[in-house]
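Thanks for coming. I will go through one structure this morning, starting with a strand and ending with a single residue.

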Amino acid sequence: MMRLKMKAWDEKIGDFVELDALGEEITKPKAQSKYINAFYKPVEDGFLTPEQKEQPHNEPVAEKSPPVAAYEYNIEIACAQEDIVTYQIGAFSLGKTDDEAVISSWKKSASQTGFTLLTASVMVNEPKALYREFFQSSGSALAFQDVNPVKKGSGTHTESFVPIKTAVQVGEQLGWPTTGFYYHFIDEKLTHEYQIVGNDASTFFATQSSAEQLSSSLLSDHQYNFILLPWKVNNAPVTRQHLLYLPQKMTQEEFAELNATWLDENACLLDVETIVKSKNENALAREKTEGDEVTYVIQPNDSLSKIAHQQGTTLESLVELNPQYKGKEGQIQIGDTLIIESNKDESTHIPAHIVVLNGDGNRETWDEIAKQHCMAPKELLTLNSMFEDNPSALKVGDELCINAPQQAQDKAQRVTLPPIVLTHIGQVSSFVNSFSSMSKRLLNAFVVAALNDKNIPANTPIVNVGKLEIERHWCDPIKNPMSTNHYQNGGECAYWGLFGEDMRREVNRPHRGLDLFAEIGTDVYACVDAVIQHVRFSSSNGNLIVLKIDEKEFVQRIWNEKLEYKVHSLPNRTEDVEGKDVNVRENGLRFAYMHLNSIEINPETGSVFKAGDKVQKGQIIAKSGVSGIKTGTKAPHLHFEVSSEHEYGNSNTKINPGFFVDFKYIEQQSVSDKEKQSVVAKTNHKSYKGISSFKWSGDIG
């Protein structure tokens, strides 16, 4: 069996000792000083003769040539020379013996396989101990006993190591955890514990934990991105290695009960030979961006549905972009180039309006044209500055530049899958085949997606050490959320319900929430586990509920789960991201629901929900309505707000709900979604005062 021990450096003797010997007094007999008298020939009469003055005072000393090492010791690192620094392989040394001092100087060269050899010159041909530390004199080392030098120039080696990067699987993608711990075991003994940095960083520290005891102390404040694994010792693969990922630190009690069976069932058993072989993987086919198009070349075993799934699109969209396969979806040809995405039409289309006669037989007015395109007349005139001095000069046939938000909306970002199909924990693939080309940044609350990264060498082995669920601690406030497509008077206007100062400039009022289409009586859900802060009526907001979360860790988790939302940028009108006073860390988060029809009954108390009640994510808390909309509306909706403040009301603490609610803008809505809104917009829904399900008397609770 391989002799592998954890050792620590002892300053007194200048060598590594076993950890259990650190507490013992280490003594050695001191060398006795030797003194030698120097004798000189007496000087006659106290003076030197002329002859004596000419004689040299000392004998010339011949310089000795340094001894030439007849032996060497080699270590193989499974990576190219230029990647050694990137992988942070640490410091190697050969331990002190009775006949030779510590050896820690190494030269780099390329091995016959293209890997890196570290070579140390050795004077004495004897068994030695090989030590690997994170850095010189770090205080602890992984020790390999009885390694043997070889004849100088032979270039042979018996010990090898391979650097890897760990990942976890979320859904069909790989990602890097930003919280938690990694544990590396060899022969069921802990060799290293790594603490992930956190705060959105996936790098990690090495702790001072050992095979006997866990420690919360860090070895240093240096951060690592890769783990170095022993590959071979005495030319034999190191087979019993496990990597374990845990979201929380293991307790000392759990650590004490670890055994081989538990590790085999709960940790990732590493196959080091497969890990090294993955470095020679060929890069699998990916999509390519060429000008305004994204294309993909059909590979063996591909199908259109498989390609659509891999590329984050639909079979219908794929066939629409590649009409040669319409009705021939099962007859694709290997080597054919498919269009995955095309932006040609979007980049060349310029929205315009041709002036025509209105229903009265007169030329359309500026007001009439602006209303057709969800614009203010002044805004339309500003976009067509040639008419500013004389607006009445407009005539039939003139072409006007317009704001057409339906055409300006950005497409929803595709989420592509890595070329390698993920099948099991312990699966290994090179980085070039492991990352997603396009993805939301967060796969869940604390795992960032593995995307292309120039700081990770392409042939780095990526080891899947765990599988996590796609989990959001969030529930959208209504089912199938979509933004309103209509003004209050029923006229079409896609941007009216969006968030920002610019959205409603014609009435000089900022819109600090998101209006989600909701027919009266639609179920309204608690978006998170929270406490109700307010239940009350406001003349402008109607019946409203405000939920609050203040616990810092949970607030941070909800904040980390924000969506990759891209604000809408339209001509002279852009959504805001957030107010200038947002401070989530200090003030927590608040979620407000407005224009409600009724408040639900709390099953815990048997009465309507009130301030102080706890609610759970996904629990129905109210029904939507049109309360507080003074003149009634043809666009019934739920007004939803997100803010960071202790007391709700400061508009500068509002945050765009688009970063939380996975809603559909007009271009993402189905035909039936749009038709439904249009039908509802033909009827005026009268507003009312007060909460209909009970007598209102101010803030409830």
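A word on terms first: two strands count as paired if DSSP finds at least two bridges between them. Keep in mind that this is a predicted model.

Some totals to begin with. The protein has 701 residues, and 48% of them are buried. It contains 14 helices and 38 strands. About 36,100 Å² is exposed, with carbon and sulfur atoms supplying 50% of that area. Of the contacts with a separation of 6 or more, 71% are between residues 24 or more positions apart.

Now the strand, E37, residues 637-643. Which strands pair with E37? Strand E28, residues 514-517, pairs with E37 in the antiparallel sense over four bridges. Strand E34, residues 589-599, is also antiparallel to E37, with five bridges. Strand E38, residues 654-655, runs antiparallel to E37 too, and two bridges join them.

Look at His639 in E37. It is the bridge partner of Asp515, and His639 is also the bridge partner of Met594. Further along, Val642 has Ile655 in E38 as its bridge partner.

Is E37 enclosed or open? Seven of its seven residues are buried, so the strand is largely enclosed by the rest of the structure. Both faces are covered. On one side the buried residues are His637, His639, Glu641 and Ser643, and on the other they are Leu638, Phe640 and Val642.

Next, the cavities. How many are there of 30 Å³ or more? The count is five. The largest has a volume of about 50 Å³. Its lining consists of Arg132, Leu142, Phe161, His184, Thr191, His192, Leu228 and Pro230. By class, that lining is four nonpolar, three polar and one charged. Strand E13, residues 189-198, and strand E15, residues 227-233, each supply at least two of the lining residues.

Last, Ile456. Where does this residue sit? Ile456 is in the loop between strand E26, residues 447-449, and strand E27, residues 461-468. Why does Ile456 count as buried? Because its relative accessibility is 5%, and the cut-off for buried is under 20%. Leaving aside neighbours within four places in sequence, Ile456 is in contact with Lys165, Trp176, Phe226 and Phe431. Val432 is 24 residues from Ile456 in sequence, and the two are 9.3 Å apart in space, C-alpha to C-alpha.

That is the end of the tour.

Key. Residues numbered from 1 in each chain as written. Predicted model: local features only at pLDDT ≥ 70, side-chain atom pairs only at ≥ 80, totals over all residues. Heavy atoms only, no water. Buried < 20%, exposed > 50% of the residue type's maximum accessible area, 1.4 Å probe, protein only. Contact = heavy atoms within 4.5 Å. Areas by Shrake-Rupley, 256 points an atom, 1.4 Å probe, with all protein chains shown as cover. 1 Å grid on protein atoms, 1.4 Å probe; cavity = no way out; pocket = protein on both sides within 12 Å on 5 of 7 lines; lining within 4 Å. Points joined across faces, edges and corners; volume = space filled by probe spheres on them. Nonpolar A, V, L, I, M, F, W, Y, C, P; charged D, E, K, R; others polar.
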